[in-house]
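Dear colleague,

Please find below the structure that I promised to pass on to you. My notes on it follow directly after the sequence and the coordinates.

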Amino acid sequence: MRLLITGATSGIGKELALRYADRGAQVIACGRSEEKLQQLIVEQPSIKALCFDLLDYDHYPDLKDDPKLLDTIIFNAGDCEYIDDVLNFEAKKFERVININLISIGYGLQAWLKHLKPGGRLVLVSSSAGILPLPRAEAYGSSKAALSYLGKTLAINLKKHDINVTVVHPGFVETPLTDKNNFEMPMIISSQEAAEKIMSGVEKGKSDISFPTLFIFIMKCLRLLPSSLWNRLATRMG
Ligand SMILES: NC(=O)c1ccc[n+]([C@@H]2O[C@H](COP(=O)([O-])OP(=O)(O)OC[C@H]3O[C@@H](n4cnc5c(N)ncnc54)[C@H](OP(=O)(O)O)[C@@H]3O)[C@@H](O)[C@H]2O)c1
């Protein structure tokens with residue numbers, strides 16, 4: 001099995017890269033940090049590293065030097081920044097988050113879709129944050145809600161080309177991304193657990209992988225509330 005994983009230098013992506021490689025898969029690991037990629041290779045020498053910025057449209061690796069086809073592409077890289085002062089809306093912050101969490105997926109699809117085998121799979125790591133409007137999540141939540149929509153439309157259009165799509169909706173996962181949070185993160189799980197859940201869902205051919213189950217169930221129940229009531233609750237959370 002041959003996979004390309006973005007955001008493989010840290011958190012969920014790093015766990016996925018190491019675990020797939022441990023199971024004998026040929027992993028192409030993408031990240032911006034040369035140093036972190038070297039550390040990854042020290043941990044698992046079979047991994048092949050691609051160091052580049054996913055937002056650098058003009059210098060996207062097109063894998064031409066590597067003629068073998070991929071079984072799976074995991075679009076995992078992402079970032080989270082909160083809109084702390086909505087009245088002084090920071091457009092550049094909004095743009096940064098939308099760019100890495102959504103626009104970069106378009107760049108990757110243009111560059112790599114042609115390298116996916118018939119019967120292959122695209123995996124988009126979205127977030128449970130897209131299920132409900134959350135305080136300060138104007139940028140992150142919008143980017144992930146749009147990414148989930150993108151995944152569902154790709155699933156329709158790629159079916160006739162024999163390409164499968166999985167959209168992943170994690171709850172809170174312990175990674176450098178959430179280490180920055182100074183609020184309570186209910187039902188948080190480790191990046192190892194998250195990687196296991198993603199791998200087992202992908203192996204079963206699931207189109208949606210959402211976890212932890214109870215957390216997602218609660219989020220989906222809250223989504224059924226009238227928006228006026230949810231907005232009151234969410235205002236207290238923020
Ligand atoms: N942690 C959570 O609770 C949680 C919950 C739901 C969804 N998610 C999603 O899961 C995914 C992974 O998150 P994580 O928590 O594992 O985050 P993380 O530990 O901060 O890792 C983010 C990864 O993305 C890469 N990256 C960011 N910007 C990049 C860019 N411009 N070009 C290339 N690579 C870039 C980073 O690479 P470098 O370090 O090399 O720059 C890093 O490998 C994200 O899409 C996130 O939104 C996370």
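In this predicted model, the shell of residues around the ligand divides into 14 nonpolar, 13 polar and 4 charged residues. The shell holds 31 residues, of which Thr9, Ser10, Tyr140, Val173 and Thr175 come nearest to the ligand.

Backbone atoms of the protein make several polar contacts with the ligand. A polar backbone atom of serine 33 is 2.9 Å from an oxygen atom of the ligand. At leucine 54, a polar backbone atom lies 2.9 Å from a ligand nitrogen atom. For asparagine 76, the distance between a polar backbone atom and an oxygen atom of the ligand is 2.7 Å. On its own the ligand has 900 Å² of accessible area, and the protein covers 94% of it. Helix 1 (11–22), helix 4 and helix 5 (176–179) are the elements that give two or more residues to the shell. Among the elements, helix 5 gives the most, with 3 residues.

I turn next to the sheet. It is an open sheet of 7 strands with parallel pairing, and the strand order is 3-2-1-4-5-6-9. Strand 3 (48–51) and strand 9 (208–211) are the edge strands, each pairing on one side only. From one strand to the next, the twist averages 15°. At the edge formed by strand 3, this strand pairs with strand 2 (residues 26–31) in the parallel sense over 4 bridges. Isoleucine 28 has lysine 48, in strand 3, as its bridge partner.

Two helices can be described in relation to these strands. Helix 3 (residues 91–112) packs on the sheet and touches strand 1 (2–5), strand 2, strand 4 (70–75) and strand 5 (116–125). The direction of helix 3 makes about 165° with that of strand 4. Helix 4 (residues 138–159) lies across strand 5 and strand 6 (164–170), and it runs at about 160° to strand 6. Helix 4 is also one of the elements that contribute two or more residues to the ligand shell.

Two points of backbone geometry may interest you, both of them in loops. Which peptide bond is cis, with omega near -10°? The bond in question runs from phenylalanine 211 to proline 212. Proline 212 is found in the loop between strand 9 and helix 7 (213–223). The other point concerns arginine 136, which has a positive phi of about 65° although it is not a glycine. Arginine 136 sits in the loop that lies between strand 5 and helix 4.

With kind regards

Methods:
Residues are numbered from 1 along each chain as its sequence is written. This is a predicted model: local features need pLDDT of at least 70, side-chain atom pairs count only at pLDDT 80 or more; totals for chains, interfaces and linings use all residues. Side-chain values use heavy atoms; hydrogens and water are left out. Two strands pair if DSSP finds at least two bridges between them. Axes are lines fitted to C-alpha atoms, for helices over the stretch in contact, and angles run from 0 to 180 degrees between N-to-C directions. Contact means heavy atoms within 4.5 Å. A residue is near a molecule or strand if one of its heavy atoms lies within 4 Å of it. A polar contact is a pair of N or O atoms within 3.5 Å; within protein, one must be able to donate a hydrogen and the other to accept it, and residues adjacent in sequence count only if both atoms are side-chain atoms. Accessible areas come from the Shrake-Rupley method with a 1.4 Å probe; for residues, only the protein chains shown count as cover. Ala, Val, Leu, Ile, Met, Phe, Trp, Tyr, Cys and Pro count as nonpolar, Asp, Glu, Lys and Arg as charged, and the others, Gly among them, as polar.
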